[in-house]
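User: I'd like to go through some labels on this model and hear the reasoning behind each one. Can you take me through them?

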Amino acid sequence: MDRRSFVKASCITLTSGSLFKSLPGLSNVKPSGYVLKASEGAFSFDQAQPVPTRVMYYNQSIPGPVIKIPQGEESVIQFHNALEEPSSIHWHGLRINNAMDGVPGMTQALVQPGETFNYRFTPPDAGTYWYHTHQRAWAQLALGLAGVLIVEESHPPLVDQNLIFAIDDWRFGEDRQIDTSSLGAMRDWSHGGRMGNMITVNGQIGKTYTVSIGQRIRFRMLNIANSRIMTLRFNHPQTSIISVDGQPVKPYLVDSGVITLAPGQRSDLIIDITSDPGSNSPIELLIKDQVFPIANFEIDNKVQREQLLDSPISLPDNPANQMVLPNEMKQVPLHIGGGAMGRMNKAIFQGKEMGIKDLIQNKQIWAFNGIAGLPEKPLFSVKRGTAISLNIDNDNVWPHAMHIHGHHFIDDKNPAELRDTALLTRQEKGSLKFIADNPGKWLIHCHMIEHQASGMVT
Ligand code: C2O
Ligand code: CU
């Protein structure tokens, strides 16, 4: 970790609103439609000391533009591929029609260089989501192809500021260029995934949010990193969680100010600012016993209100919250094997049984139920409306962030929440329960993107 860079002072103050307006190349095609253009180019992660870094990005911005679309209404997002390689966009966490899910070779054809694809969908649930490439994501996502997507409530809760905190992890060389030589390194893929040495918040090193005493903030947090699990500490006693992975929860105060987000996960917070005027209050990333300030709340000298608002905010339920699980469920076992120190000596890959040497030749090192990569037959195939219990045995020494496309599920560990991405620690067993009510072919994979690439996908 480059600690100096983390703590480097910077005085950028961009709220989501101003960020949105200042983005180049973002234009409306329909009342609620956008154009997203993926390209290669240069971007500066440090506005105080700009260095042009070669990246892949949407609309020349990292993360891509914040897309805001209304709940329950159709939106069109036109994707234009100006890269020199094919791509696609996946709308992470949205329960939309299968043909718009953005998985090349499964729900659509690759969008070739120079081509355009119109994503047209109606999001049933409001909340905090994101979008990202689903093609060679181990490279394209690591180079920057991701952005925040907000499905707006018809009556959003009243707050003083809406802020976004999209946290990402980059592996830079000395020259502040992304270390592309390590993309695809099996040593990362067989361990915890490709970790970076630089953390950004909304694409910037040393992000500062300016807030006033007594303000009520809605704070949307997203982990858009390839593989790093982020444990974040807040220094605001009045911080509560109002939704996870887009879906409302009964609000609760954050325990000791610490929130963990696995890659792909989100949390919406309500923060009531209590600190003293003129003070600073960092958000810290905890890695083992080290503490890295990665963003800062700067308390200005204004007083928004003397007395904190005491009415707790809770979000209206989404249609997803109406899920009722029956007692009888189809039990689907999912064994996760492999990885470094995993003692996996063989697996099936593309229909053929292979020993570990051949698997590694094919860049495979993980297996679901003994199969590395997409199986010839789906993990399960059921009639619409079937209740599923995906019983995961994480039989290896690595944590994984299991993501199910097109559905939200209840993780046994925390039945009060609906998630689309669940963190399982080493050797952990757990069940993800949901109603398979969205017809089509859906992926299940680890959201440590290098694990997905090296076998953890079905
Ligand atoms: Cu956010 Cu298949 O992924
Ligand atoms: Cu994994």
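Analyst: Sure, here are a few labels, each set against its cut-off; keep in mind that this is a predicted model.

User: Why is proline 123 called buried?

Analyst: Buried means under 20% relative accessible area. Proline 123 has 0%, so the label fits. It lies in the loop between strand 6 (116-121) and strand 7 (127-133), and proline 123 touches residues including Ile69, Leu94 and Val151.

User: What makes tyrosine 58 and phenylalanine 79 an edge-to-face pair?

Analyst: Ring centres have to lie within 6.5 Å, with planes over 60 degrees apart. Here the centres are 6.4 Å apart and the planes 75° apart, so both conditions are met. Tyrosine 58 sits in strand 2 and phenylalanine 79 in strand 4, so the pair ties together parts 21 residues apart in sequence.

User: Then why is the pair of tryptophan 91 and phenylalanine 121 called tilted?

Analyst: Under 30 degrees would be stacked and over 60 edge-to-face; the rest are tilted. This pair comes in at 55°, with 5.2 Å between centres, so tilted it is.

User: How do you know that His400, Cys446 and His451 are donors of the copper ion (ligand 2)?

Analyst: The cut-off is 2.8 Å for N, O and S atoms. ND1 of His400, SG of Cys446 and ND1 of His451 lie 2.0 to 2.1 Å from the copper ion, so they qualify.

User: What makes residues 1-31 a stretch to treat with care?

Analyst: Their pLDDT stays under 50. Where pLDDT is low, the predicted coordinates should not be read in detail.

Note on methods:
Residues are numbered from 1 along each chain as its sequence is written. Chains are lettered from A and ligands numbered from 1 in the order in which they are written. This is a predicted model: local features need pLDDT of at least 70, side-chain atom pairs count only at pLDDT 80 or more; totals for chains, interfaces and linings use all residues. Side-chain values use heavy atoms; hydrogens and water are left out. Helices (H or I, at least four residues) and strands (E, at least two) are DSSP runs, numbered from the N terminus. Buried means under 20% relative accessible area, exposed over 50%, partly exposed in between (1.4 Å probe, protein chains only). Contact means heavy atoms within 4.5 Å. Donors are N, O and S atoms within 2.8 Å of the metal (3.2 Å for Na, K and Ca); water is not among the atoms, so sites may look incomplete. pLDDT is the predictor's confidence in each residue, from 0 to 100. Rings of Phe, Tyr and Trp (its six-membered ring) pair if their centres lie within 6.5 Å; planes under 30 degrees apart count as stacked, over 60 as edge-to-face and the rest as tilted. Lists of a residue's contacts leave out its neighbours within four places in sequence.
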